[in-house]
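Got your viewer open and a selection tool handy? Let's walk through this one stop by stop.

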Amino acid sequence: MIDSDSLRDLENFTEDQMCIPNNLLLQHRWRTDSRNSLTSILNFSRKGREISTDYKENKRLTSKQQKMLVHVISDFLMETEDSRSSAELADVYSSEILKLFPTEKKETYYVPNRLNNKKRKHPSGKLYDRICNTRSKMKAKKSSREVAVQTNRGLSKVCQISCISIEEYIAKKLWLKNNCAPWDKVLDMWKETSGRRLQEIYQGSSTLTITEEWPRYMDSLGYQLIDIDFESMHPGKAQSLLSNMDDFVKKVMEIYDEEISDTMSRQLLNFVKHTEGLTTDEKDCSIILLLSAVLIHVKIKKHMRPSISDAQTDLVLFVSRQNDIQRQIELLQETNAQQRTRIQPKLIVIASL
């Protein structure tokens, strides 16, 4: 425990003399300077102090200094894990910016949710955008770390249960690489090599390397091999989503209500919530489409990130008749070849649109 005397003593130390974790130091400074929180943030950062000093001399902020200012503020807020909404934080601190830098305009840093020609415009501004982007990146990193931990635990269990000797593994891997029949034997060997294969794949293999080393994944029945791998990592969980679909729908709808802001996706959500007589398939299809409105989209190329609409189109293929499926797949192959992208796994829905 740090008593009040110790906290007062901390104020007399320079940053270089501090030997406590950064987040504890930040939270301490936050609590002990309630008179002007933005001043505290700027004084704590070297860049923040430079901004304040330059402004006193020039009475204006350059575009570069504005960018630096929002970075200092947002980084501090993320480090101290402020739980307020992005809009609330941007509103509060854009007002504080005006107090310290009177020649600045609040609209540069935050513009609230508003109506424009009867169309709702979402909040914007340099500070608001920075806070939202930083939170999204932190959320993605946290999810990646959690997945990595869970995957490691799963792989450890698999290897403990099903690892065969390295000599036997190499021999069976070679057989699987060069043989696709009889399929029953493929399935048996796939189960036997599961532990070492999953460990090998997890150690940094690219998709291309995986399919070269394990070409049976690309066979017409390759999905059965993926099922075996999943069952090895998560015993008894293969049918969990389907058997617990009602619980999943209930929980994911709460997430949708809170996080979906895209206009078209919000309309689809309201349609699902308020339309009576929807079949189970219609409702499930809509819920799957809405996943693209809350999941983070991975860049396809350096300067190309799919929109929500692109992600939904890439996730679900709609056809009017079963006979149309092959033709639509061929069209997709042509389009992806032109764009030099790969076709991703899709759900195929047969429905009248």
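What follows is a tour of a predicted model, with something to select at each stop.

**The whole chain**

Start zoomed out, with the cartoon on. The protein has 353 residues, and 31% of them count as buried. You'll be looking at 19 helices and four strands. Switch on the surface and you have about 23700 Å² exposed, with carbon and sulfur atoms supplying 52% of that. As for how the chain meets itself, take the contacts between residues at least 6 apart in sequence: 59% of them join residues at least 24 apart.

**Stop one: the aromatic cluster**

Select Tyr-169, Trp-190, Trp-214 and Tyr-217 and show them as sticks. Ring pairs link these four into a cluster. The structure holds six aromatic pairs, and we'll look at two of them here.

First, Trp-190 with Trp-214. Their ring centres are 5.4 Å apart and the planes are at 80 degrees, an edge-to-face pair. Where do the two partners of this pair sit along the chain? Trp-190 belongs to helix H10 (residues 183-192), while Trp-214 is in the loop between helix H12 (207-213) and helix H13 (222-233), so that the pair links parts of the chain 24 residues apart. Trp-190 and Trp-214 are both buried.

Now keep Trp-190 and swap the partner for Tyr-217. Why does this pair count as edge-to-face? Because the planes of Trp-190 and Tyr-217 are at 85 degrees, and anything over 60 gets that label; the ring centres are 5.0 Å apart. Tyr-217 lies in the loop between H12 and H13, 27 residues from Trp-190 in helix H10. Tyr-217 is buried, as is Trp-190.

Before leaving, add Arg-197 to the selection. Arg-197 lies over the face of Trp-190, at 3.9 Å from the ring centre. Arg-197 also lies over the face of Trp-214, here at 5.0 Å from the ring centre.

**Stop two: a cis proline**

Slide to Pro-182 and show the backbone. Pro-182 is in the loop between helix H9 (166-178) and H10. Is the peptide bond from Ala-181 to Pro-182 cis or trans? It is cis, with omega near -5 degrees. Most peptide bonds are trans.

**Stop three: helix H5 and its two ends**

Select residues 63-79, which make up helix H5. This helix has 17 residues and reaches 24 Å from its first C-alpha to its last, close to the 24 Å expected at 1.5 Å a residue. Colour its buried residues, among them Leu-69, Val-70, Ile-73, Ser-74, Leu-77 and Met-78.

Ahead of H5, pick Lys-59, in the loop between helix H4 (46-58) and H5. Lys-59 has a positive phi of about 60 degrees although it is not a glycine. Is Lys-59 buried or exposed? With a relative accessible area of 52%, Lys-59 is exposed, because the cut-off for that label is over 50%. Then go just past the other end of H5, where Glu-81 takes a positive phi of about 55 degrees. Most residues other than glycine have a negative phi.

**Stop four: where helix H8 meets H5**

Keep Ser-74 and Met-78 in view and select Thr-134, which is in helix H8 (residues 126-162). Leaving out residues up to four places away in sequence, Thr-134 touches Ser-74 and Met-78. Thr-134 has a relative accessible area of 11%, so it is buried. Follow the side chain of Thr-134 and you'll find it reaching the backbone oxygen of Arg-130 at 2.7 Å.

Next, click on Arg-135, also found in helix H8. Arg-135 is partly exposed, with a relative accessible area of 23%. The C-alpha atoms of Arg-135 and Met-78 are separated by 7.3 Å, though the two residues are 57 apart along the chain. Residues touched by Arg-135 include Met-78, Asp-82, Ser-83 and Leu-89. Draw a distance from the Arg-135 side chain to the backbone oxygen of Arg-84: a polar atom of that side chain lies 2.6 Å away.

**Last stop: helix H19**

Finish with residues 325-339, helix H19. Its 15 residues reach 21 Å from first C-alpha to last, close to the 21 Å expected at 1.5 Å a residue. Step on to Arg-340, which follows H19 and has a positive phi near 55 degrees.

Note on methods: Residues are numbered from 1 along each chain as its sequence is written. This is a predicted model: local features need pLDDT of at least 70, side-chain atom pairs count only at pLDDT 80 or more; totals for chains, interfaces and linings use all residues. Side-chain values use heavy atoms; hydrogens and water are left out. Rings of Phe, Tyr and Trp (its six-membered ring) pair if their centres lie within 6.5 Å; planes under 30 degrees apart count as stacked, over 60 as edge-to-face and the rest as tilted. Buried means under 20% relative accessible area, exposed over 50%, partly exposed in between (1.4 Å probe, protein chains only). A charge sits over a ring if NZ of Lys or CZ of Arg is within 6 Å of the ring centre and within 35 degrees of the ring normal. The expected span of a helix is 1.5 Å times one less than its number of residues. Contact means heavy atoms within 4.5 Å. Accessible areas come from the Shrake-Rupley method with a 1.4 Å probe; for residues, only the protein chains shown count as cover. A polar contact is a pair of N or O atoms within 3.5 Å; within protein, one must be able to donate a hydrogen and the other to accept it, and residues adjacent in sequence count only if both atoms are side-chain atoms.
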